[in-house]
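Visitor: Please show me a protein model. I would like to learn how its charged side chains are described.

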Amino acid sequence: MKNIVVVAALVTSFVACAQNDFPVNESFTHEVVTDKITLPWGIDFLPNGDMLVTDKSGKLYRVVGANVTEISGAPKVLFEGQGGLLDITIHPDYARNGWIYMSYSKGGKKDKDGKELGTTAIVRAKLEGNKLVNMQEVFEAQPYQPKRGHYGSRIVFDGKGYMYFSVGERQNRDENPQTLRNHLGKIHRTYDDGSIPDDNPFRNSPVAMPSIYSYGHRNPQGLVIDPDGTIWEVEHGPRGGDELNIIVPGKNYGWPVISYGINYDGTSFTDLTAKEGMEQPVNYWVPSIAPCGMEYVTSGKYGDLKGDILVGSLSFQYVNRCVMDNGKVVKEEKLLKGIGRVRAIEEAADGTIYVGVENVGIVKLVRK
């Protein structure tokens with residue numbers, strides 16, 4: 001459930017290393033809602049319960065029961081590599097203002113050799129029937145980059161008018177995540193129109209992008225706010241070192257200076273897993289589960305899942321359950337093992353949990 005009101009302060013993080021040998025929970029299965037969406041990336045719900053789903057290819061769909069209708073007017077995406085139409089989030093005051101927010105990989109600029117460059121952008125639009133209208137860009141990450149990965153790109157609202165969103169470091173680890181001079185490898189906070197709050201941590205810095213809320217991130221593809229107001233994030237590590245973090249304003253999360261991962265070829269790029277002034281993850285995964293999509297379960301519909309964090313796994317193709325206790329991960333389980341590459345997890349207003357799976361479609365979690 002993306003739009004949750006903030007009511008309490010952040011909690012202190014804690015490190016727990018998971019080796020991906022945790023058990024399979026056989027108490028849950030799934031039912032396919034639709035298999036007509038091939039590359040689902042983001043899911044959210046209109047007040048009437050209609051589901052909106054982005055497909056990475058650039059299409060936006062409305063799902064009502066088993067009926068799937070394409071919505072026209074989606075932004076033009078740079079559908080290459082990891083890019084495409086990414087997250088979707090309904091404004092918490094949608095009933096009044098009608099705004100729908102989408103993140104995507106944006107092209108349109110070229111380097112001196114004529115190669116198209118890309119970036120992460122966020123637009124908002126309104127829905128008239130099955131058409132998007134009145135589209136406005138509210139954020140465009142700078143600078144544009146030549147590579148086609150690490151766009152990040154989850155969006156959440158806190159219920160107080162603030163919008164939080166992630167931008168990956170665009171596969172340029174040595175230049176982007178540790179500088180405040182660009183948007184890449186960061187979590188950002190703006191108002192819903194993209195304007196900058198006066199109390200952002202770097203708002204008055206002459207060298208920082210004022211929307212930056214935290215930095216030192218690699219490729220954050222999960223972002224949620226729990227009922228206590230804690231902002232949770234998951235991000236891809238390299239080979240090992242995927243992280244679950246609590247996001248605190250102004251903090252440096254260390255990439256690539258500190259990491260629990262190594263290069264894909266097995267070599268090391270840092271000898272440090274900790275450094276003064278850099279945050280430790282709440283949890284990390286070795287080997288990498290390739291986390292994408294996450295949800296904090298607020299409903300009691302699934303029994304003791306309430307209060308836990310669910311994270312999608314691309315590489316191992318299941319839903320990872322993090323059993324939480326006072327801001328710590330005390331146990332992990334695998335749900336829906338072997339279902340496919342999980343991209344999105346979303347809790348509907350009635351408590352039902354929906355999962356977007358590549359080449360499977362949209363499924364709902366079912367208790368046996």
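Guide: We will look at salt bridges and at how accessible their partners are.

Guide: This is a predicted model, so local features need pLDDT of at least 70 and side-chain atom pairs count only at pLDDT 80 or more, while totals for chains, interfaces and linings use all residues. Residues are numbered from 1 along each chain as its sequence is written, and side-chain values use heavy atoms, without hydrogens and water.

Visitor: What makes Arg189 and Asp199 a salt bridge?

Guide: The term needs a side-chain nitrogen of Lys or Arg within 4 Å of a carboxyl oxygen of Asp or Glu. Here the closest N and O atoms are 2.5 Å apart. Therefore the pair counts. Arg189 sits in strand β13 (residues 186–191), and Asp199 lies in the loop between β13 and β14 (212–215). Strands (E, at least two residues) are DSSP runs, numbered from the N terminus.

Visitor: Why is Arg189 called buried?

Guide: Buried means under 20% relative accessible area, exposed over 50%, and partly exposed in between (1.4 Å probe, protein chains only). Arg189 has 5%, so it is buried.

Visitor: How do you know whether Asp199 is buried or exposed?

Guide: Its relative accessible area is 52%, so Asp199 is exposed.

Visitor: Why do Glu358 and Arg341 form a salt bridge?

Guide: Their closest N and O atoms are 2.8 Å apart, so the pair meets the cut-off. Glu358 has 12% relative accessible area, so it is buried. Arg341 has 31%, so it is partly exposed.

Visitor: How many salt bridges does a search of the whole structure find?

Guide: It finds 16.

Terms used: Helices (H or I, at least four residues) and strands (E, at least two) are DSSP runs, numbered from the N terminus.
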